[in-house]
Amino acid sequence: MTGNYIKRIEIDSLWRGVHHIIWNLRPGVNVLSGINGVGKSTILRKTVRRLTQGKDELERDYNQLGVHLTFEPENADCVRFDVIRGVDRPLVSADILNKVMEARLTTELDWQLYQLQRRYLDFQVNQSNRIVALFTAADPDAQAKAAEIAAEKSHFQDLVDELFEATGKKIDRTSNEIFFHQLDERIPPYVLSSGEKQMLIILLTVLVENREPYVLLMDEPEISLHVEWQQRLLELITDLNPNAQIILTTHSPAVIMSGWTDCVTDVEDIIVE
């Protein structure tokens, strides 16, 4: 059964028998803080590894991994989730390079955008199917509900246009894929700056979940983002999908300074000796 969010993360040992972790989570925003080397990214990485395990693999490898997750509702055994990482490294996988050579992709952010293009197309097909289903079912409020569904994509485009306004970029609203207009040139997302790519990836990832409950895990997403974008990051995510649970690590005070300080947990506070 698929749950709505993660209620609790318990890790038997963070490092070779040292530090038992118990972290009780909110259904909304959860920010993990702490000094370098204290284990923030390790906690996130172990959680992601647990989420990617199948049931048989989980039962076989639990003692080795030592991670137990409690979901909402508690009889759920998994959740839908996405992972965002802030580091933009060169592509090194030969398989990936062979697949995307024609698209001229050079970094991991490019590869993520390339994959999100397909999810963005699927999102639009899903929108159309939802609208058709409303009218097929003769829903008396079909017109208003259809307009609300259609507004999700427009709202996303408006947000991106606002964020990129300073550099004169606007989303091409005639295309089903993500392209931009800058002056008289039509440009693909792969030529954006690292910060622009990172923000676009985060917002696209949130958008294509259709405002459904799911978990977004982010490891230092502020890397490459301008401080003003860092301040707006959580606001933008919760605006696009108020049903998303956000679990992130950060070193940036800017990420939490706009009303999110109550959502911060220090690693030292979840260590049980």
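Arg80 counts as partly exposed, at 35% relative accessibility, and in this predicted model its side chain meets that of Glu209 in a salt bridge with an N to O distance of 2.0 Å. Glu209, for its part, is buried, with a relative accessible area of 7%. Below is a quick tour of the salt bridges, the aromatic pairs and two of the sheets.

**Salt bridges**

- Arg80 sits in the loop between S6 and strand S7 (81-85), while Glu209 sits in the loop between helix H6 (194-207) and strand S11 (214-219), so their bridge ties together parts that are 129 residues apart in sequence.
- Arg80 and Glu209 don't act as an isolated couple here: salt bridges that share partners join Arg80, Asp82, Arg119 and Glu209 into one network.
- Overall, the structure holds 15 salt bridges.
- One of these is formed by Glu74 and Lys7, whose closest N and O atoms are 3.0 Å apart.
- With Glu74 in the loop between strand S5 (67-72) and strand S6 (78-79) and Lys7 in strand S2 (residues 5-11), this pair ties together parts that are 67 residues apart in sequence.
- Glu74 counts as exposed at 56% relative accessibility, whereas Lys7 is partly exposed at 27%.
- Asp139 and Lys145 also meet through their side chains in a salt bridge, at 2.9 Å from N to O.
- Lys145 has a relative accessible area of 35% and is partly exposed.

**Aromatic pairs and a charge over a ring**

- With a centre-to-centre limit of 6.5 Å for pairing, the count comes to 5 aromatic pairs.
- Phe164 and Phe180 have ring centres 5.5 Å apart and planes at 35°, so this pair is tilted.
- Phe164 lies in the loop between helix H5 (142-163) and strand S8 (169-171) and Phe180 lies in strand S9 (residues 180-182), so the pair ties together parts that are 16 residues apart in sequence.
- Phe164 and Phe180 are both buried.
- Phe164 also pairs with Trp229: the ring centres are 5.7 Å apart and the planes stand at 20°, so this pair is stacked.
- That second pair links distant parts of the chain, 65 residues apart, with Phe164 in the loop between H5 and S8 and Trp229 in helix H7 (residues 227-240).
- On accessibility, Phe164 is buried at 2%, and Trp229 is buried with a relative accessible area of 15%.
- Elsewhere, Tyr120, Phe123 and Phe156 form one aromatic cluster.
- There's a charge over a ring as well: Arg186 lies over the face of Phe179, at 3.9 Å from the ring centre.

**The three-stranded sheet**

- The order is S8-S9-S10 in an open sheet of 3 strands, and the pairing is antiparallel.
- S8 and strand S10 (185-187) are the edge strands, each with a single partner, so one side of each is left without a neighbour in the sheet.
- From one strand to the next, the twist averages 30°.
- S8 and S9 pair in the antiparallel sense over 3 bridges.
- Phe180, the residue from the tilted pair, turns up again here: Ile171 stands opposite Phe180 in S9.
- H5 lies across S8 and S9 and runs at about 175° to S8.

**The five-stranded sheet**

- This open sheet has 5 strands in the order S7-S11-S12-S4-S13, and its pairing is parallel.
- Its edges are S7 and strand S13 (264-266), each with a single partner strand, so one side of each is left without a neighbour in the sheet.
- The twist in this sheet averages 20° from one strand to the next.
- S11 and strand S12 (residues 244-249) pair in the parallel sense over 6 bridges, and Leu216 stands opposite Ile246 in S12.
- Helix H1 (residues 40-52) packs on the sheet, where H1 touches strand S4 (29-33), S7, S11 and S12.
- The direction of H1 makes about 145° with that of S11.

Definitions and conventions: Residues are numbered from 1 along each chain as its sequence is written. This is a predicted model: local features need pLDDT of at least 70, side-chain atom pairs count only at pLDDT 80 or more; totals for chains, interfaces and linings use all residues. Side-chain values use heavy atoms; hydrogens and water are left out. Rings of Phe, Tyr and Trp (its six-membered ring) pair if their centres lie within 6.5 Å; planes under 30 degrees apart count as stacked, over 60 as edge-to-face and the rest as tilted. Helices (H or I, at least four residues) and strands (E, at least two) are DSSP runs, numbered from the N terminus. Buried means under 20% relative accessible area, exposed over 50%, partly exposed in between (1.4 Å probe, protein chains only). A charge sits over a ring if NZ of Lys or CZ of Arg is within 6 Å of the ring centre and within 35 degrees of the ring normal. A salt bridge is a side-chain nitrogen of Lys or Arg within 4 Å of a carboxyl oxygen of Asp or Glu. Two strands pair if DSSP finds at least two bridges between them. Axes are lines fitted to C-alpha atoms, for helices over the stretch in contact, and angles run from 0 to 180 degrees between N-to-C directions. Contact means heavy atoms within 4.5 Å.
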